[in-house]
Amino acid sequence: MMAPDQSLKKHVADLIKPDRVHRDIYTDPDIFDLEMDTLFSRAWMYVGHVSQIPNKGDYITTRLGPQDVIIMRDNDGEVNIFHNRCPHRGPHLCGNSRGNTKRIVCPYHAWSFTLKGKFFGMPFPEEYPQECLKSEFDLTRVEDVEIYRGFIFARLKPGGVDLMTYLGEARSGFDDIIDRSPEGEIEIIPGAIGHRYRANWKMMFENLNDILHPMGAHASAATAINSVSNPAKLHPVTKSLVGSSKMMPVLPKLQSKITRYGHSYATGLISVINQEIPKGDHYHALEKAYGAARAEEILKTDRHLMLIYPSSNVNGAQCTIRVVRPLSVNETEVWGYAFRLKGAPEEVTRNSVFYCNIATSGFSPVVADDLEIYERAQQVHERGMTDWVNVARGYRQEADAGRNAPPPATSEEYIRNQYRVWLEFLTGDAPCQA
Ligand code: FES
Ligand SMILES: [Fe+2]
């Protein structure tokens, strides 16, 4: 990727206004390349969980911004991340999504590497200058790797704030999953479910904290769900995914929580509608471990879809994470993972898997609704049918009240917050500072 010229950065700065954004940010391949080179290379990205690689030699492959990477546990138990690329002629080293190995061996000419990414051996080494064999052929290592309570984060280009500063209060999204385990431990359930959509990655981040959109976008899914012959038999997760117009009056009472680096979540639903928490087996397991008051507090925790900008989103109550992978300016992949809470009843695990499937599968009527909207908007932007996209909901009130007042969840301030940090990453010459 060539270094972006300054005129592109200047152009990008003209595309973001306080209450609207230009369609080019969804359609211009040069801007997508700039996003990869800046935001997706300099931000801390969630890449996996330690339970995916519990043993020495375990690895998973994934994507870190523009790079394909291998996340590997070495013989000292350390987690290393390498570019998934052979230093000889360049093909991917690992084609599997996960596995276990004693050495990393290239499938092309069998060069091999240790679990710490050091060059180990090759056929006919005498044909190379000896100094090359010392380090030039080691795998490229991702230097900035940090683990927060088992959740692995990485940053392709070193520099900028540390992970804790970057996450800020958003780290509570990860705490929320762990807190729900009576043993304080979780593990990822092997496997993942995913889908691709033909639209820009930012559409998903704009949508997930949009608490108004279910009334419109999911109306047909709601009609279908409400017309089943025995609604009482519907899975509670299915019912909870579809908003109802009856919720409209309470929505302005919910709050939006927004952090410095583009993260956000909506909260307040449980207290506003005075929802009782079920006192079933999960509650009793938590009560036994932590006492009644703490058990109630844990299950009443109400962070709806914590957006971890720009890599992922966490649903603490459903113990799931979705990872967003931009493939090109108009193609995006989303992968969902469910967690098992150690010490919790099996029903909690089943619900997490059920939620993960229905929130991430392209066959889910709810996901299909959202993808239809993203793709319609992408088509309009690509055809140049409009220049500006409005993100002004709540803007005037917040401008009057001052930015420090917490916005209601009906506000689009969380989107404007995303674009403030997006602009900072894309136009800054140095990593974002605190
Ligand atoms: S390309 Fe990997 S060993 Fe030749
Ligand atoms: Fe939706």
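Colleague: How much area is buried between domain 1 and domain 2?

Modeller: This is a predicted model, in which local features need pLDDT of at least 70 and side-chain atom pairs count only at pLDDT 80 or more, while totals for chains, interfaces and linings use all residues. Buried area is the accessible area (1.4 Å probe) that two parts lose on being put together, summed over both. Carbon and sulfur atoms give 64% of the area buried between domain 1 and domain 2, and the whole of it is about 1100 Å².

Colleague: Which residues of the chain belong to each domain, and what distance separates the two centres?

Modeller: Residues are numbered from 1 along each chain as its sequence is written, chains are lettered from A and ligands numbered from 1 in the order in which they are written, and side-chain values use heavy atoms, with hydrogens and water left out. By an automatic or database domain assignment, domain 1 covers 45-148 and domain 2 covers 170-427. Taken over C-alpha atoms, the separation between the centres of domain 1 and domain 2 is 34 Å.

Colleague: Which residues in domain 1 lose the most area to domain 2?

Modeller: The contact (heavy atoms within 4.5 Å) takes nine residues from domain 1 and 18 residues from domain 2. On the side of domain 1, three residues together account for 54% of what that side buries, and they are Tyr46, Arg63 and Tyr148.

Colleague: How many residue pairs are in polar contact across the interface of domain 1 and domain 2, and which strand gives the largest share of the side of domain 1?

Modeller: A polar contact is a pair of N or O atoms within 3.5 Å, and within protein one must be able to donate a hydrogen and the other to accept it, with residues adjacent in sequence counting only if both atoms are side-chain atoms. Across the interface of domain 1 and domain 2 there are four such residue pairs (both at pLDDT 80 or more). On the side of domain 1 that touches domain 2, strand 3 (45-49) and strand 4 (58-64) each supply at least two residues. The largest share there, three residues, comes from strand 3.

Colleague: How many salt bridges does the rule find across the interface of domain 1 and domain 2, and how many does the structure hold?

Modeller: A salt bridge is a side-chain nitrogen of Lys or Arg within 4 Å of a carboxyl oxygen of Asp or Glu. Across the interface of domain 1 and domain 2 the rule finds zero, whereas the number in the structure is 29.

Colleague: Does Asp144, which meets Arg155 in a salt bridge, count as buried or exposed?

Modeller: The side chains of Asp144 and Arg155 meet at 2.8 Å, N to O, and the pair links strand 11 (residues 144-148) with strand 12 (residues 151-155), 11 residues apart. Buried means under 20% relative accessible area, exposed over 50%, and partly exposed in between (1.4 Å probe, protein chains only). Arg155 has 5% relative accessibility and counts as buried, and Asp144, at 15%, also counts as buried.

Colleague: Which residue caps the N-terminal end of helix 3?

Modeller: Helices (H or I, at least four residues) and strands (E, at least two) are DSSP runs, numbered from the N terminus. Helix 3 (residues 29-37) has buried residues that include Ile31, Phe32 and Leu34, and among the elements covering its buried residues are helix 1 (6-13) and strand 19 (320-328). At the N-terminal end of helix 3, the backbone nitrogen of Asp30 lies 2.8 Å from a side-chain oxygen of the capping residue, Asp28.
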